[in-house]
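Grab a pencil and work through a few exercises on a protein model with DNA. Try each task yourself before you read the solution.

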Amino acid sequence: MDKVKALLIDVSYEDDENNSVLKIFVKDKNEGCWVYDNSFHPYFYAIFYDEKEIEKIRGMKFGEEKFSVLEIKETKMTAQGKKAHKVVFRKVSHLVQARKDFHDIGIKRFEYDVPFSKRYLFDNALEPGNFVEMEIEEVKTPKGKLYETKKGALRREIKSINKIDGDFFENAVVGAFDLETWSGKKFEVGAEPILMASVVSDNEKKVYSYETKKVKGMEMLADEKELVDTVTKKINEFDFIVTYNGDNFDFPYMKKRADKLKTKFLINGEEIRVKRHGLDNAVELEGKQHIDAYQIMKLLQRTGSVNTVKLDLESVSEKVFGVYKEKVFPSEINDAWKSGDAKKLTRLVDYNLKDSEVTYKIAKDFLPLFIEISKLTSQTLADTTRATTSQMVEDLLMKEAHLRCVIAPNKPHEGDVKTRTENPIKGAFVKEPMAGLHEQIAVLDFASLYPSIIISHNISPETLNCSHAECKKNVSSDGTYFCTKEKGLFPEIIERMLKQRLKLKAEYKKKKKEKGTDDKILFAKQWALKIILNSVYGYLGYARARWYSRECASAVTAWARGYIQETIKHAEKEGFKVLYGDTDSTFLLMNKKTKKEVEEFAEKVNKTLPDTMELEIDGFYKRGLFVTKREGGAAKKRYALIDEKGNLKIVGFEYVRRDWCNAAKETQKKVIELVLSQGNPEEAVKFVRKTIEELKSGAMPKKELAIMTLLQREPKDYDSIGPHVAAAEKAIARGKQLGVGSMLSFIITKGNEKASISDKAELEEFVEEGNYDANYYIENQVLPAVIRIMQELGYSREDLLQGGKQTGLSAWG
DNA sequence: ATACCGTAGGACGACT
DNA sequence: AGTCGTCCTACGGTAT
């Protein structure tokens, strides 16, 4: 028997005649292989009345195959406080049939929908991305079915398995590929040939093509078939195959072309699997991890880690890596390849290569983060990169619950999901600000407010309204109370993660300070914890969550509202004026008070708070601006601050919104800057006038006028046809492919006086330079963006306009 | 996840 | 019949 240590990469199973056999793909230094675990079988949990019922089930035959359960075992696991039995099956398909039958007989079942391979990872607390230590035996399979290994026709079987902690990312080979294809009239996956492909990995960078002219950096192949075969061979050398939108494009495309060209597109000897994943696809590979970097970017955008308007590789390259990347459009690709023009082809080769390079770089930079999430949740990297944050929390909870012998609650029925969704939970408190310009502002906020409340008040579904009389003191303003004697699942996990994160952050900082090194792994570890910690509260209120708890989620926000309101009261008692507050932050007007006094105030508050909660000082600002709403009262969630160094912080205003044109946004920013840093409204007025003049002259470039809006549904599904929908409809009529999720960039063009804004909206690409409605951009973009700011300083609309007496506005443009 | 802001469209009645 | 202002709804996007 061999002892083996190797990197855990994938987990799957295969069916033989009698059994579903679990297998994992591991890799030691050079070689990867499948190893099988015969001891692990599919199962779910059930609660039985008595032994008689169990005997009855043991004797029962299920399904068309007339199979019986493999065994029913007692466990230490509990569900709803009751001891559960494990009901074990030979095959996954048996489990699927039997879980229906169990339900029909009225037996309570649990965790019956946990996929077999996921089950294996949870039960053994294995962590993909970490090493595993195994005892392995090489055997000939009884049926004579042989499994090729390096040593011969033997199958490797696991006798024991454990994870080993460490950072082993270096042991995996990462490589990216990208295809350029011929664009036909109508797009259909695989309909047209692949013209070019690039492959970028740790070891090499290649661009392949055929038939066209050979240019520098291009490797010439005989034909498309050889291209497909070459790429197939190359990417089979990788452990992590990275694409950009390979779930929906590159992989399905390769498969289709391989079929057409009568060749094979196999990864590890197996066909790729295209699985439905919500609304789009996920491509799964055997024994390798397909990392779709586009999914990574989507997740980073959701968690607010990156903020780009579009998620195409050009925007990502520029916004995330600070490197300009040229876009080559489909028609140019066709042209370059067909013409064989050396200049055009060189540009295409470069484009194709950069696509793979950026894709590869996304993986290199962000995979450490996902590997850490993978370890925390015991999921494969491929699944982690496609998971929502709620799924991550749920996976973490299932893993941790299992270690505590707790069975997960079942997923809610659709009916419950509906009632949950229809009854939203009261959220945070936002204090109405004082409009106007303010000096010397201190901003305080609670560190990790929701997680710290969950820990402090021991908020968890099992600790809710416990039977102890003394716990009734730990009561929320909702009237719900939580046990103070036994720590709940949620607080326990969160507390551990919060402490761990602080430790990691300190370690990271120390290393940076002392050695000057930027330890990416340490950073990724704390980042992974941050993402999950920030998602726990959302999970409690997520309608599809197994551990959904309206009471818990509601208690968290109730306490949060209480704490911020108490802080505001406290500050006022100490002689501060409270300018504003939102959820966990409080803005104080210092008014002659010193920074030290603010610090002392924070200290005082902290003495009144539970140990795990902390009010921190976010910063001091020289000036701040809040504005009046159109309908009166001061606007919440919109303000601008400037610190002592002159750094501007603009929140909520048009400047930070994508659905306003650049001309308006930049003018607004300039106005804010002039007002806040120099207290110079006259200069601001001049600047506004300058922009207006430029608009009137007709010389404003169209890229300054484009308005970005996401098409959130199919055009026909809109009740109200706004400008972006109108622009989309016109573009579709011209043959442009648009649908849900398309980012639209449109311009309000010149038109007759009666036309509505929608009538004049056209996608940017169909608009000539200079064709814009100056009146619209002045009246509906620039002026609204600056007017409410200037109003706070006593300026009117007329003051902003040259001369102040404008007659026929429609004369413009 | 909830809280919040602001635009454009569209219905409606008053007025010309 | 056309125009104008008011009120409401639909919609997108942001803060935390």
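The exercises below deal with a predicted model, and each solution goes step by step.

**Exercise 1.** Work out which part of DNA strand C the protein mostly meets, and which residues come nearest.

*Solution.*
Step 1: Start with the neighbours. There are 21 residues around DNA strand C, and D584, Y639, R658, L710 and Y718 come nearest.
Step 2: Now look from the DNA side. Of the atoms of DNA strand C within 4 Å of the protein, 88% belong to sugar and phosphate.
Step 3: Sort the surface near DNA strand C by class: nine residues are charged, six are polar and six are nonpolar.
Step 4: Ask which element gives the most to that surface. Strand β27 (residues 707-710) does, with three residues.

**Exercise 2.** For R658, L710 and V656, decide whether side chain or backbone reaches a phosphate oxygen of DNA strand C.

*Solution.*
Step 1: R658 uses its side chain, with a polar atom 2.6 Å from a phosphate oxygen.
Step 2: L710 uses its backbone, where an N or O atom lies 2.8 Å from a phosphate oxygen.
Step 3: V656 also goes through its backbone, and the distance from a polar atom there to a phosphate oxygen is 3.2 Å.

**Exercise 3.** Lay out the sheet that contains β12 and find its edges.

*Solution.*
Step 1: Write down the order. It's an open sheet of six strands, β15-β14-β13-β12-β16-β19, with mixed pairing.
Step 2: Read off the ends. β15 (219-221) and β19 (289-292) each have a single partner strand, so one side of each has no neighbour in the sheet.
Step 3: Check the twist. Ignoring direction, neighbouring strands are turned by 25 degrees against each other on average.
Step 4: Zoom in on one pair. β16 (residues 240-243) and β19 run parallel over four bridges, and F240 has Q289 in β19 as its bridge partner.
Step 5: Add the helices. α6 (residues 293-302) packs on the sheet, touches β16 and β19, and makes about 55 degrees with the direction of β19. α9 (residues 342-377) packs on the sheet too, touching β12, β13, β14, β16 and β19, with its direction at about 145 degrees to that of β12.

**Exercise 4.** Find the partners of β6 and describe its hairpin with β5.

*Solution.*
Step 1: β4 (residues 43-47) runs antiparallel to β6 (residues 82-88), joined by four bridges; here A46 is partnered with H85.
Step 2: β5 (residues 71-79) is antiparallel to β6 as well, with six bridges, and E71 is partnered with V88.
Step 3: Two residues separate β5 and β6 in the hairpin, and in the turn Q80 has a positive phi of about 50 degrees.

Note on methods: Residues are numbered from 1 along each chain as its sequence is written. Chains are lettered from A and ligands numbered from 1 in the order in which they are written. This is a predicted model: local features need pLDDT of at least 70, side-chain atom pairs count only at pLDDT 80 or more; totals for chains, interfaces and linings use all residues. Side-chain values use heavy atoms; hydrogens and water are left out. A residue is near a molecule or strand if one of its heavy atoms lies within 4 Å of it. A polar contact is a pair of N or O atoms within 3.5 Å; within protein, one must be able to donate a hydrogen and the other to accept it, and residues adjacent in sequence count only if both atoms are side-chain atoms. Ala, Val, Leu, Ile, Met, Phe, Trp, Tyr, Cys and Pro count as nonpolar, Asp, Glu, Lys and Arg as charged, and the others, Gly among them, as polar. Two strands pair if DSSP finds at least two bridges between them. Axes are lines fitted to C-alpha atoms, for helices over the stretch in contact, and angles run from 0 to 180 degrees between N-to-C directions. Contact means heavy atoms within 4.5 Å.
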